[in-house]
Amino acid sequence: MNTDKLSKRLESVANYIKEDSAIADIGSDHAYLPCYAVKKGLAKRAVAGEVVEGPFQSAKKQVQSEGLGDRIAVRKGSGLEVIEAGEVDCITIAGMGGPLIASILEDGKHKLTGKERLVLQPNISAIAIREWMLKNGWKLIAEEILEEDGKIYEILVAEKGDPEAPYHHLEKELLLGPFLINEKSPAFVKKWEGELVNWRKILVNLEKASGSEENEEKKLALQKKIHYTEEVIQQ
Ligand code: SAM
């Protein structure tokens, strides 16, 4: 991967950047995504945010070596603290767990004006992001699921709007994704078939374990997830 040829995962994230945006890529690591977006003309300027020193230095080096320092600001800091409210119109956060992405949005929500598009790529637990959107008035407008090198990734795109609009069966669709359920692509089926195998194993163990209240609650929650997922996969 380099800044002319991104991984399929990051290229798919970049596809949701509206042309001529000012973007912030949070957790940018080598700044591949902002460099690519600026070079391709998707973004007119960018902020690459990184909280860890090593990746922050890699991002700075990358931007300097490409001669993009006038259009990409590399800033060290956690989450949205690296941007001013209204500074960008698209925020990308990729390659982290859903709960971490949701906590970055929650901690930085005073920086969101509502004009931004959010393009989020959780590696796991996209449900945490859908739940955050629902609570905070962000409407999911697109979802994508893709497989690369044997791993499956989801992309969630949101803009400010009616957060309930995409959902018909809230609990089920928060888990599986309202757009992804409809599409039911091979990557989607593969991901959830894998989860079903794991969940069934956990359920067997829970059934063997003590019948404490906590265990019973875990069992019920898991049975519900299995039910929703089987319902969609086997349809
Ligand atoms: N976004 C790149 C991608 O998708 O290929 C890099 C993903 S890398 C696995 C996650 C990066 O996020 C790491 O470089 C990590 O230091 C950074 N990170 C984690 N938490 C962060 C936070 N709160 N604020 C900014 N960066 C963060």
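Domain bounds here come from an automatic or database domain assignment. Keep in mind that this is a predicted model.

**Exercise 1.** Find out how far apart the centres of domain 1 and domain 2 are, and describe what joins the two domains.

*Solution.*
- Step 1: Start with the division of the chain, which gives domain 1 (8-170) and domain 2 (187-233).
- Step 2: Take the centres over C-alpha atoms; they lie 31 Å apart.
- Step 3: Look at who takes part in the contact: 6 residues come from domain 1 and 5 residues from domain 2.
- Step 4: Now the area. About 530 Å² is buried between domain 1 and domain 2, with carbon and sulfur atoms giving 65% of it.
- Step 5: On the domain 1 side, I145, E147 and I152 lose the most area to domain 2, together 64% of what that side buries.

**Exercise 2.** Work out how helix α4 (residues 98-107) sits against helix α5 (residues 127-136).

*Solution.*
- Step 1: Two packed helices are described by an angle and a distance between their axes.
- Step 2: For α4 and α5, the angle is about 25 degrees and the axes are 7 Å apart.
- Step 3: Angles under 35 degrees count as roughly parallel, so α4 is roughly parallel to α5.
- Step 4: Pick out the touching residues: α4 brings G98, P99, I101, A102, L105 and E106, while α5 brings A128, I129, W132 and N136.
- Step 5: Sort them by class, and you get 7 nonpolar, 2 polar and 1 charged residues.

**Exercise 3.** Say which residues of α5 are buried, and what they pack against.

*Solution.*
- Step 1: The buried ones are A128, I129, R130, W132, M133 and N136.
- Step 2: Their packing partners include α4, β5 (117-122) and β6 (138-148).
- Step 3: Just past the end of α5, G137 has a positive phi of about 75 degrees.

Terms used. Residues numbered from 1 in each chain as written. Predicted model: local features only at pLDDT ≥ 70, side-chain atom pairs only at ≥ 80, totals over all residues. Heavy atoms only, no water. Axes fitted to C-alpha atoms, helices over the stretch in contact; angles between N-to-C directions. Helix = DSSP H or I, 4+ residues; strand = E, 2+ residues; numbered from the N terminus. Parallel < 35°, antiparallel > 145°, perpendicular 65-115°, else oblique. Contact = heavy atoms within 4.5 Å. Nonpolar A, V, L, I, M, F, W, Y, C, P; charged D, E, K, R; others polar. Buried < 20%, exposed > 50% of the residue type's maximum accessible area, 1.4 Å probe, protein only. Buried area = accessible area lost by both parts, 1.4 Å probe.
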